[in-house]
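Here are a few friendly notes to read alongside the model. Please keep the structure open while you go through them.

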Amino acid sequence: FRETNYEPEIWYQFPVNRSALGWNMVSASIGLNHQSNGRGQEYSRSWNRLMGGFIFEHGEYAVALRPWLRIKESTDDDNPDISQYLGRFDLAVGRKFGNHSLDLQLRNNLKTQENRGSVQLGWSFPLSRSPQLRGYMQWFSGYGESLMDYNHYQNTLGIGVQMADW
């Protein structure tokens, strides 16, 4: 492993039952989020965010929108430009297909010039020998795949094991 990222957070999530255009808003949330790589000095990367969240469902689809505001650091900032690369929101869409599921996550900084963000596509599938474990394949393209390289554009492909499905 090249890097380990940590992301403690505290949330208040409340149920919502509102429908519009065939979509049902099932919950909303607000919380504080800290993300860091736990390293020091020149390799330190961290930021704090005030985040909101909204979850919508329609049939086999689920959509989650999470906008955020970065909380500025009062001391030396490890990465003052992180919002320019990791954006101001993420949008995730997921769908089940029998025992398989697909998820898509988009992030963007909402700038017309120097527009940056990322796309992540994941596929979860059953493993024949274990009903509790699932296989997972993920493709990532963009900025912020890890905190250490938040400002470097990357394309990655990963495969692993997933212990729970949404």
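**Notes on the sheet and its loops**

1. Let's begin with one facing pair: Gln-105 has Gln-120 of β7 opposite. The strands behind this pair are β6 (residues 100-108) and β7 (residues 117-127), which run antiparallel and share eight bridges. Please bear in mind that this is a predicted model.

2. Stepping back, β6 and β7 belong to an open sheet of nine strands, in the order β1-β2-β3-β4-β5-β6-β7-β8-β9, with antiparallel pairing. At its edges are β1 (9-20) and β9 (154-162); each has a single partner strand, so one side of each has no neighbour in the sheet. On average, neighbouring strands are turned by 15 degrees against each other, direction ignored.

3. Have a look next at β2 (residues 23-36) and β3 (residues 46-58), an antiparallel pair joined over 12 bridges. To find your way along this pair, use Met-25, which faces Phe-56 in β3.

4. On to the pairing of β3 with β4, which is also antiparallel and covers nine bridges. Here Phe-54 is the residue opposite Leu-65 in β4. The two strands form a hairpin with two residues between them, and Gly-59 in this hairpin adopts a positive phi near 60 degrees. When you follow side chains along any of these strands, remember that in a regular strand they alternate between the two faces of the sheet.

5. Arg-45 deserves a closer look. This residue lies in the loop between β2 and β3. Which side chain of opposite charge is nearest to Arg-45? It is that of Glu-3, 6.6 Å away; Arg-45 is buried yet has no salt bridge. With a salt-bridge cut-off of 4 Å, the distance of 6.6 Å to Glu-3 does not qualify.

6. What does the side chain of Arg-45 reach at 3.0 Å? The partner is the backbone oxygen of Glu-42. Setting aside neighbours within four places in sequence, the contacts of Arg-45 include Gln-35, Ser-36 and Asn-37, as well as Asp-78 and Asn-79. Leu-147, Met-148 and Tyr-150 are in contact with Arg-45 too.

7. Finally, is Thr-75 buried or exposed? Its relative accessibility is 60%, so Thr-75 counts as exposed. You will find Thr-75 in the loop between β4 (61-71) and α1 (82-86). From Thr-75 to Gly-160 there are 85 residues in sequence, and their C-alpha atoms are 38 Å apart in space.

Terms used: Residues numbered from 1 in each chain as written. Predicted model: local features only at pLDDT ≥ 70, side-chain atom pairs only at ≥ 80, totals over all residues. Heavy atoms only, no water. Helix = DSSP H or I, 4+ residues; strand = E, 2+ residues; numbered from the N terminus. Buried < 20%, exposed > 50% of the residue type's maximum accessible area, 1.4 Å probe, protein only. Pairing = 2+ DSSP bridges. Axes fitted to C-alpha atoms, helices over the stretch in contact; angles between N-to-C directions. Lys, Arg positive; Asp, Glu negative; His and termini not counted. Polar contact = N/O pair within 3.5 Å; in protein donor to acceptor, adjacent residues only side chain to side chain. Contact = heavy atoms within 4.5 Å.
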